[in-house]
Amino acid sequence: MSGFLDRAKEQAKQGLAQGKQKVDELQQHRAGNDLLRKLGAAYYAERRGSGTPEATQNALSALEAHIATHGDGFLHG
């Protein structure tokens with residue numbers, strides 16, 4: 001009986017770890033999309049004359065840092 005409980009406990013731990021990984025991936029995906037949206041807004045504002053090249057560069061740098069850390073999977077859908 002204890003073997004069964006040990007296996008069940010291990011499976012539960014694995015399930016929790018997989019769930020946490022999925023949540024982390026989703027949060028990274030959302031953060032990447034947010035940074036991409038901010039870059040687009042900064043570029044649009046710059047082109048319209050109400051933004052600055054520095055703001056666009058800052059947004060681009062933040063996006064590149066996110067990609068360097070978490071990859072570019074959020075760009076692929």
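Is D72 buried, partly exposed or exposed? In this predicted model, D72 counts as partly exposed, because its relative accessibility is 34% and the class runs between the limits of 20% and 50%. The residue sits in the segment after helix 2. Its C-alpha lies 9.9 Å from that of Q28, although the two residues are 44 apart in sequence.

The overall architecture is helical. Two helices and zero strands make up the secondary structure of the chain. Helix 1 covers residues 2–48, and helix 2 covers residues 53–70. Along the principal axes, the C-alpha atoms fill a box of roughly 70 × 15 × 15 Å. The radius of gyration is 20 Å. A compact globule of 77 residues would have a value near 11 Å.

Burial was examined next. Of the 77 residues in the chain, 13% are buried. The accessible surface comes to about 6000 Å². Carbon and sulfur atoms account for 55% of that surface. Charged side chains number 10 positive and 9 negative. The centres of these two sets are 7 Å apart. Contacts in the chain were also sorted by sequence separation. Among those between residues at least 6 apart, 50% join residues at least 24 apart.

Nonpolar side chains tend to be buried together in soluble globular proteins. In this chain, the largest nonpolar core has six residues: L35, L39, A42, A59, L63 and F74. Helix 1 and helix 2 each supply at least two of these residues. The largest contribution comes from helix 1, with three residues.

F74 belongs to this core. Residues up to four places away in sequence aside, F74 touches H29, G32, N33, L36, L63, H66 and I67. Among these partners, L63 is also a member of the core. H29, G32, N33 and L36 fall within the 2–48 range of helix 1, whereas L63, H66 and I67 fall within the 53–70 range of helix 2. F74 thus touches residues of both helices.

Two threonines of helix 2 differ in exposure. T56 is found in this helix, as is T69. T56 is buried because its relative accessible area is 12%, under the 20% limit. Beyond its neighbours within four places in sequence, T56 is in contact with L39, A42, Y43 and E46. Of these, L39 and A42 are core residues. T69, by contrast, counts as exposed because its relative accessibility is 58%, over the 50% limit.

T69 and D72 can each be placed relative to Q28. The C-alpha atoms of T69 and Q28 are 9.8 Å apart, across 41 residues of sequence. For D72 and Q28, the corresponding distance is 9.9 Å, across 44 residues. T69 lies in helix 2, while D72 lies in the segment after helix 2.

Key
Residues are numbered from 1 along each chain as its sequence is written. This is a predicted model: local features need pLDDT of at least 70, side-chain atom pairs count only at pLDDT 80 or more; totals for chains, interfaces and linings use all residues. Side-chain values use heavy atoms; hydrogens and water are left out. Helices (H or I, at least four residues) and strands (E, at least two) are DSSP runs, numbered from the N terminus. The radius of gyration is taken over C-alpha atoms; the globule rule is 2.2 Å times the number of residues to the power 0.38. Buried means under 20% relative accessible area, exposed over 50%, partly exposed in between (1.4 Å probe, protein chains only). Contact means heavy atoms within 4.5 Å. Accessible areas come from the Shrake-Rupley method with a 1.4 Å probe; for residues, only the protein chains shown count as cover. Lys and Arg count as positive and Asp and Glu as negative; His and the chain ends are not counted. The place of a charge is taken as NZ of Lys, CZ of Arg, CG of Asp or CD of Glu. A nonpolar core is a set of buried Ala, Val, Leu, Ile, Met, Phe, Trp, Tyr and Cys residues joined through side-chain atoms within 4.5 Å.
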